[in-house]
Amino acid sequence: MAFPLPQGITPSEIAFLSEMELVTVVPRQRLEILELLGVSPSGGSTELLQPPVRASVPLWLALLLKRQRRINIVPPFWLHPESLSFILQIETEHRDYSDAFSPPPRLPGQQSVGDRTASDKLKPRRTVDGQPYFPTPPFLPQNIALAPAEATGPGREAPSLPYHWLEVGSMLLEAASDDLVDPNQTRRLLKDLREVRTAKMRKGIDVLDTAAMAGGGVALTGVGAMEIGEMRGLVTGIVENLRYFSGFVLGKIGVSKEQARREQLAEEGNKDYDDTQDYGDSMEL
Amino acid sequence: MDIDDIDDILASIDPENSSDTELDHQQLTRFWVAERAVSDLLPWPGPLMDRLMERVSKQIELIEDLTASSFDTSNNQNAMLNLKLSILQTDLSRTQYLIRSLLRQRLAKLTRYSMHYLILISPPSQHPSQSSSSQQQTRPEDTIPDPFSSSSPESDDFSPLSPKEAEFLHAHQTLLASHYGSSFLGSFPPQLRRLDDNAGGTSMVQAPDSKQVVFIRCLAEEVTVVIPADDAIGVEHYGTTMRIGEVWVARWEGVKRAWERGEVEIL
């Protein structure tokens with residue numbers, strides 16, 4: 001067998017991805033610029049580490065240097081206990097988010113809610129092959145620490161959970177708990193957040209049959225990478241089965257959703273609709 | 001169109017050549033995640049992989065040079081050099097892991113749906129027709145289409161496989177067919193020996209299921225899930241609309257073209 005892993009990246013692969021996130025560090029030792037293959041988004045090389053100037057390095061490098069006590073990690077803004085309790089409050093008490101996840105950090109070019117006037121339209125970068133490219137996590141600076149002025153300034157945004165929150169949070173708690181503000185409190189809050197959000201994810205399963213239909217979909221905006229990783233098998237399995245049953249069992253009794261949708265579309269398109277033919281289609285699914 | 005020309009034009013537009021490494025790395029990572037998540041084989045990003053492989057071999061040379069120089073330095077410098085080497089090597093293994101995992105995933109898909117992809121990449125005229133071969137001599141190998149039989153460059157544009165993958169696939173399927181033939185298919189009546197039989201309206205060629213759902217993030221302002229045209233519906237229709245930054249669960253066939261345009265990302 002060429003490849004033993006199931007379809008869709010597994011939790012350990014997600015952890016591998018999240019190690020590409022940039023974090024802020026305070027070096028204790030000088031380290032020259034190194035040209036690396038997999039360092040983003042800083043132009044393919046590490047920043048010069050010169051104590052006591054803050055620098056951004058990928059998490060895997062930060063963990064490697066931290067283990068050798070060559071740096072200290074500055075925890076990201078969202079990982080402070082106040083930020084986490086603020087997010088937890090939104091997750092549990094805000095009525096707009098009683099069934100949804102708290103809003104994620106905005107992508108570059110994405111307008112905030114209610115701010116339709118902003119004119120900075122999203123301009124994709126071009127890859128070397130000329131394809132449009134929009135950077136996303138783990139290649140956005142969602143886990144770097146804010147400068148002190150930014151953290152207290154009036155214009156700062158409310159804290160939000162980044163895409164790799166669970167992985168980055170746990171890895172920092174494990175490897176750099178002495179650099180965090182209040183590790184015990186942080187650990188508790190992360191655990192609470194995880195429980196609240198897992199419950200929401202389970203609730204979301206009820207509406208999965210929309211994703212089983214052609215052209216349909218279920219929104220999970222704000223979901224974390226690891227949360228997707230845990231649910232992937234369950235979600236795809238449920239949708240598979242819903243599709244199978246709606247085409248097979250329900251197709252015999254009455255009209256399945258998929259079939260009804262197809263009929264509707266076929267009528268819209270003024271197409272002849274052959275019942276038996278479509279039944280044959282559903283059987284193939 | 002010549003790829004080198006495009007590259008030259010782009011290089012002249014974009015002065016930030018130093019960020020190429022970074023962008024290529026991001027692209028590789030995203031492509032790997034996508035390849036791992038969807039059921040069918042994604043188009044082989046040839047130029048990207050060529051650049052990456054070149055960089056990997058350069059990096060290996062650099063590491064070898066540094067290792068060699070570590071023998072003739074003093075102790076103090078040596079500690080620093082060892083640190084650098086371990087960082088460079090970690091970085092190299094991470095990139096190599098991505099490439100290896102990507103290739104193995106593609107091989108797994110190729111061997112799983114080997115007949116489907118062989119038929120896909122072979123020019124249609126070369127498919128042996130059901131009646132042409134003499135019934136008595138039908139061997140399972142004869143039903144394998146040959147992707148290299150025609151030299152028309154058009155077929156390359158449609159092929160999601162790299163040339164090496166195509167070569168592997170053909171060799172793999174030929175071996176498999178001759179094995180089937182000698183172990184059991186040879187004792188079957190000739191008309192049952194085909195590997196691409198579709199008698200009775202059921203094709204025995206397994207194709208990847210494009211109706212599976214995937215997790216996606218919308219990257220453009222708005223992307224609409226499409227319902228592709230099929231037998232029942234002659235034209236394609238549009239379903240749910242996603243907005244920038246949103247994460248959705250939707251059918252792969254409905255967002256495939258948006259993915260090709262770079263407007264959605266697979267998670």
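Buried here means under 20% relative accessible area, a cut-off worth keeping in mind as we tour this predicted model.

**View 1. A buried salt bridge between helices α2 and α3 of chain B.** The side chains of B:R55 and B:D24 meet here, with N and O 3.1 Å apart. B:R55 belongs to helix α3 (residues 46-69) and B:D24 to helix α2 (residues 20-37), so to speak two distant parts of the chain, 31 residues apart. Buried or exposed, where do B:R55 and B:D24 fall? Both B:R55 and B:D24 are buried.

**View 2. B:K211 meets B:E253 in a salt bridge.** The closest N and O atoms of this pair are 3.8 Å apart. B:K211 sits in the loop between α7 (163-183) and β1 (213-218) of chain B, while B:E253 is found in helix α8 (residues 252-260), 42 residues away in the chain. Here too, B:K211 and B:E253 are both buried.

**View 3. A:E91 and A:K200 join two helices of chain A.** Their salt bridge brings the closest N and O atoms to 2.7 Å. Because A:E91 lies in helix α3 (residues 81-93) and A:K200 in helix α6 (residues 183-204), the pair ties together parts that are 109 residues apart in sequence. Both A:E91 and A:K200 are buried. Do look around this pair as well: A:E91 and A:K200 belong to a network of salt bridges that also includes A:R197 and A:E227.

**View 4. Chain A as the setting for the third view.** Chain A holds 10 helices and 6 strands, and 47% of its 285 residues count as buried. Across all chains of the structure, the search finds 24 salt bridges.

Methods
Residues are numbered from 1 along each chain as its sequence is written. Chains are lettered from A and ligands numbered from 1 in the order in which they are written. This is a predicted model: local features need pLDDT of at least 70, side-chain atom pairs count only at pLDDT 80 or more; totals for chains, interfaces and linings use all residues. Side-chain values use heavy atoms; hydrogens and water are left out. Helices (H or I, at least four residues) and strands (E, at least two) are DSSP runs, numbered from the N terminus. Buried means under 20% relative accessible area, exposed over 50%, partly exposed in between (1.4 Å probe, protein chains only). A salt bridge is a side-chain nitrogen of Lys or Arg within 4 Å of a carboxyl oxygen of Asp or Glu.
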